[in-house]
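Subject: Structure handover

Hello,

Here is the structure we talked about. Please open it and keep it on screen while you read my notes below.

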Amino acid sequence: MKNLNPLPSRALDGHTDTELVALAAAGNELAFAQIMRRHNRLLFRTARSILKNDDETQDVLQEAYLHAWRALAGFRADARLSTWLVRIVVNEALGRLRRGGALVMPLHAAMDAEGETAEMTMPANPDEQPERAAMRAQVRQQIEARIDTLPDAFRTVFMLRGVEELSVEEVALVLNIPEATVRSRFFRARGLLREGLSRDIDLGLGDAFSFAGARCDAIVEGVLANIARERGPDRS
């Protein structure tokens, strides 16, 4: 496959998700590249909230996109594309944990711990007292570290609701949990984070788990290369 740098999928910026899905389902790889670029950050943050490892998250994201590419014909336009993709990446991430031998409690079945119990499950943060004059990047890193220490049942809810700003209804739908549970877990997660970070949490939240252009390009190009191999060398 020819190395596309930068990928010209940006010419499709004005297309809706529905239009892009139709083009991609017909074999248009540039349309699928645009789908990936449009949803990369949301899906990366979602998988990262489960795996807590950047490299594993990148691998899982590529596998999830390949799964989505193969299943495009089954996508129904009455659903949001982002919801459909989040479900795929959550399943891929949880599958990666299980294959690695981790004991995984399904997100829809995880019990909400009492506030005191949840706090006890959070390991102490090594940077307990960051300097007030610390740069924004340092605050962001502290927030990311704190998010990683949240209990499993809270972390993905917080990432989707607090960082990606999905609605309560959307989070409940993609994680298959009641809306009341979303609200409860988000409230508790936010309280745990605020206790450790105080005012600084809002300072760097928008930058948490920033999705660099190089990583985004690598994921897109890697998935397109795998698609090309699947389709064989006889493409026109």
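Start with the surface. The chain exposes about 12300 Å². Carbon and sulfur atoms supply 50% of that area. One caution before you go on: this is a predicted model.

**The overall picture**

How many helices and strands does the chain have? It has 11 helices and 0 strands. Read along the sequence, the pattern is α-α-α-α-α-α-α-α-α-α-α. The chain has 236 residues, and buried ones make up 46% of them.

Next, look at who touches whom. Take the contacts between residues at least 6 apart in sequence. Of these, 72% join residues at least 24 apart.

**Aromatic rings**

A pair of aromatic rings is described by two things: the distance of the centres and the angle of the planes. A search of the whole structure finds 4 aromatic pairs.

Look first at F32 and W69. Their rings are edge-to-face, 5.1 Å centre to centre, with 70° between the planes. Which helices hold these two residues? F32 lies in helix 2 (residues 29–51), and W69 lies in helix 3 (residues 54–71). The pair therefore ties together parts that are 37 residues apart in sequence. F32 is buried, with a relative accessible area of 1%. W69 is buried too, at 12%.

Then go to F158 and F186. This pair is stacked: 5.7 Å centre to centre, 20° between the planes. F158 lies in helix 7 (residues 152–163) and F186 in helix 9 (residues 179–197), so the pair ties together parts that are 28 residues apart in sequence. F158 is buried, with a relative accessible area of 0%. F186 has 17%, and it counts as buried because the cut-off is under 20%.

F186 has another neighbour to find. R161 lies over the face of its ring, at 5.8 Å from the ring centre.

Now return to F32 and W69. Ring pairs link F32, Y65 and W69 into a cluster.

**Salt bridges**

Side chains of opposite charge can pair when their charged atoms come close. The search of the whole structure finds 12 salt bridges. Here are three of them.

The side chains of R45 and E164 meet at 2.8 Å, N to O. This pair links distant parts of the chain, 119 residues apart. R45 is in helix 2, while E164 is in the loop between helix 7 and helix 8 (168–175). Are these two residues buried or exposed? Both R45 and E164 are buried.

R96 and E56 form another salt bridge, at 3.8 Å, N to O. R96 lies in helix 4 (residues 81–99) and E56 in helix 3, so the pair ties together parts that are 40 residues apart in sequence. R96 counts as partly exposed, at 22% relative accessibility. E56 also counts as partly exposed, at 32%.

The third example is E179 with R183, at 3.7 Å, N to O. Both residues lie in helix 9, 4 residues apart, about one turn of the helix. An α-helix has 3.6 residues a turn, so residues three or four places apart point the same way. E179 is partly exposed, with a relative accessible area of 32%. R183 counts as partly exposed at 45%.

Salt bridges can also share partners. Here, bridges of that kind join R41, R45 and E164 into one network.

**Helix 11**

Finish with helix 11, which covers residues 213–231. How far does helix 11 reach from its first C-alpha to its last? Its 19 residues reach 27 Å, close to the 27 Å expected at 1.5 Å a residue.

The buried residues of helix 11 are C216, I219, V220, G222, V223, L224, I227 and A228. What covers them includes helix 2 and helix 3. Just after the helix comes G232, which takes a positive phi of about 90°.

**Where to click**

Try these stops in order:

- F32 and W69, the edge-to-face pair.
- F158 and F186, the stacked pair.
- R45 and E164, the salt bridge between distant parts of the chain.
- G232, just after helix 11.

Best wishes

Key:
Residues numbered from 1 in each chain as written. Predicted model: local features only at pLDDT ≥ 70, side-chain atom pairs only at ≥ 80, totals over all residues. Heavy atoms only, no water. Buried < 20%, exposed > 50% of the residue type's maximum accessible area, 1.4 Å probe, protein only. Contact = heavy atoms within 4.5 Å. Areas by Shrake-Rupley, 256 points an atom, 1.4 Å probe, with all protein chains shown as cover. Phe/Tyr/Trp six-rings, centres within 6.5 Å; stacked < 30°, edge-to-face > 60°. Lys NZ or Arg CZ within 6 Å of the ring centre and 35° of its normal. Salt bridge = Lys/Arg side-chain N within 4 Å of Asp/Glu carboxyl O. Expected span 1.5 Å × (residues − 1).
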